[in-house]
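Student: Hey, could you walk me through this one? I've just opened it and don't know where to start.

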Amino acid sequence: MLIIGIILALLLVIILFLTLNPVFGRRPSKTERSEFEKLNHFSDGTFFNQIPTSMATNFREMLPVLKEFIKGNPNRQPKQPISIEPLDLSAQNVKHETKITWFGHSAFLLQTNGKNILIDPMFGRAPSPVPIFGNKRYSRKLPFKIDELPEIDLVILSHDHYDHLDYGSIKKLKAKVSQFVVPLGVGGHLERWGVHKEKIKECNWWDQADFGGLSLVCAPSRHFSGRSLTDRNSTLWCSWVIKGTDFNLYFSGDSGYGPHFKEIGEKFGPFDVTLMECGQYHEKWSAIHMLPEETVQAHLDVRGELLIPIHWGAFTLSLHDWTEPVERAKKAASARAVAVSTPKIGETVILNTEEYPQSTWWKQKS
């Protein structure tokens with residue numbers, strides 16, 4: 001009876017933790033789900049991809065991966081904190097250039113026409129609902145402090161996974177942000193965290209949203225969503241087309257390789273720059289995370305000019321060497337005459353110029 005009592009108590013604690021802890025966000029309401037049912041990529045309470053997408057989750061398929069984890073890889077993360085480029089947020093953009101600054105993984109600051117736009121601003125120390133147990137950020141710190149950020153005109157989110165949508169970051173940012181643009185269902189998380197509903201715009205695949213001279217298109221990706229044990233695929237995932245007066249940008253979000261890239265390129269390309277997922281992959285889950293060679297092919301499919309590999313350089317979420325994604329992507333890009341920029345964390349890429357960061361900073365000692 002004592003053992004049964006302990007088990008029941010633990011189950012109750014887990015249920016209360018999953019229910020009451022705001023970090024898990026909010027599932028779409030019954031009314032929202034009924035609206036989603038009208039869509040051709042939503043059924044029985046969940047969204048699904050354009051093409052069949054397997055994630056190899058049964059024990060037999062995952063056993064080799066488990067053996068890899070047990071064996072370990074000493075190069076999965078850097079042996080010391082990686083160096084970053086301090087960002088001077090007070091500097092005035094007197095030339096009115098369009099600039100992109102990478103903060104590691106998939107987080108960016110886009111500055112254009114006097115506007116500040118954050119893309120997937122995960123600024124936490126670990127991509128986990130309980131950060132003390134997560135894999136820590138390689139750089140240990142950011143090139144800035146969140147309270148130093150200027151007013152943010154727009155935050156764009158690709159999906160609700162912890163390495164892209166961070167509870168702590170949103171809580172610190174929300175007072176600075178004028179507008180959030182997110183895929184369907186993700187707005188519920190933001191509302192639970194205190195973001196006013198009128199500041200949130202939700203989009204379905206192929207929806208267009210105009211914002212202060214920018215044209216945004218919520219485009220498909222090949223992935224999944226969820227923040228707890230019971231909400232898998234209850235919200236949508238996406239990529240984004242961002243077009244300004246002097247640039248056309250594509251942000252892949254998280255995605256396995258698929259025909260959507262060519263479709264996006266035909267509809268909205270060519271792109272001056274692509275921020276293309278490259279990292280945290282494995283052959284067992286390549287349907288939801290591209291291999292680096294596929295990253296380059298996806299860049300070509302969308303008709304990109306300059307490729308910036310992302311989704312690496314911040315956290316360990318797979319088994320490969322931490323530098324392998326960028327090394328493989330550069331090799332594949334070189335073989336296909338694709339221009340690649342590899343900024344340090346905090347380093348700025350200025351669009352529509354002939355010079356852009358290309359150093360192999362990850363090989364240099366801090």
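Tutor: Sure, we'll go from the overall build to the sheets, a helix pair and a couple of backbone oddities. Keep in mind that this is a predicted model.

Student: Okay, how many helices and strands does the protein have?

Tutor: Eight helices and 16 strands. The radius of gyration is 20 Å, close to the 21 Å that the globule rule gives for 366 residues, so the protein is as compact as a globular protein of that length.

Student: And what does the C-alpha trace span along its principal axes?

Tutor: About 70 × 50 × 40 Å.

Student: Now the sheets. What's the strand order in the one with β16?

Tutor: That open sheet has seven strands, and the order is β8-β7-β6-β5-β4-β3-β16, with mixed pairing. From one strand to the next, the twist averages 20 degrees.

Student: Which strands stand at the edges there, and why is one side of each left without a neighbour?

Tutor: β8 (200-203) and β16 (348-350) are the edge strands; each has a single partner strand, so one side of each has no neighbour in the sheet.

Student: Can we zoom in on a pair? How do β6 and β7 run?

Tutor: They run parallel, with two bridges joining β6 (residues 154-156) to β7 (residues 180-183). For a spot to click on, Val155 has Phe180 in β7 as its bridge partner.

Student: What about the sheet with β9 in it, what's the order there?

Tutor: It goes β9-β10-β11-β12-β13-β14-β15, an open sheet of seven strands, and the pairing is mixed. β9 (208-211) and β15 (339-340) take the edges with a single partner strand each, so one side of each lacks a neighbour in the sheet.

Student: In what sense do β11 and β12 pair?

Tutor: Antiparallel, over four bridges, with β11 covering residues 239-243 and β12 covering residues 248-251. Lys243 has Asn248 in β12 as its bridge partner.

Student: Switching to helices. Where does α7 lie?

Tutor: α7 lies across β13 (271-277) and β14 (304-310), and runs at about 150 degrees to β14. There's a helix partner to look at too: the axes of α7 (residues 292-301) and α8 (residues 324-335) come within 8 Å and cross at roughly 50 degrees. That angle makes α7 oblique to α8, and the crossing is right-handed.

Student: Which residues meet between α7 and α8?

Tutor: From α7 you have Pro292, Glu293 and Val296, and they meet Pro325, Arg328, Ala329, Ala332 and Ala333 in α8. By type, that contact has six nonpolar residues, no polar ones and two charged.

Student: Last topic, the oddities. What's up with the peptide bond from Gly269 to Pro270?

Tutor: That bond is cis, with omega near -5 degrees. Pro270 sits in the loop between α6 (260-268) and β13.

Student: And what's the phi of Arg140?

Tutor: Positive, about 65 degrees, although Arg140 is not a glycine. You'll find Arg140 in the loop between β5 (115-119) and β6.

Student: Why point out those two?

Tutor: Because most residues other than glycine have a negative phi, and most peptide bonds are trans.

How values were computed:
Residues numbered from 1 in each chain as written. Predicted model: local features only at pLDDT ≥ 70, side-chain atom pairs only at ≥ 80, totals over all residues. Heavy atoms only, no water. Axes fitted to C-alpha atoms, helices over the stretch in contact; angles between N-to-C directions. Parallel < 35°, antiparallel > 145°, perpendicular 65-115°, else oblique. Left-handed = near helix turned anticlockwise from the far one by under 90°. Contact = heavy atoms within 4.5 Å. Nonpolar A, V, L, I, M, F, W, Y, C, P; charged D, E, K, R; others polar. Pairing = 2+ DSSP bridges. Rg over C-alpha atoms; globule rule 2.2 N^0.38 Å.
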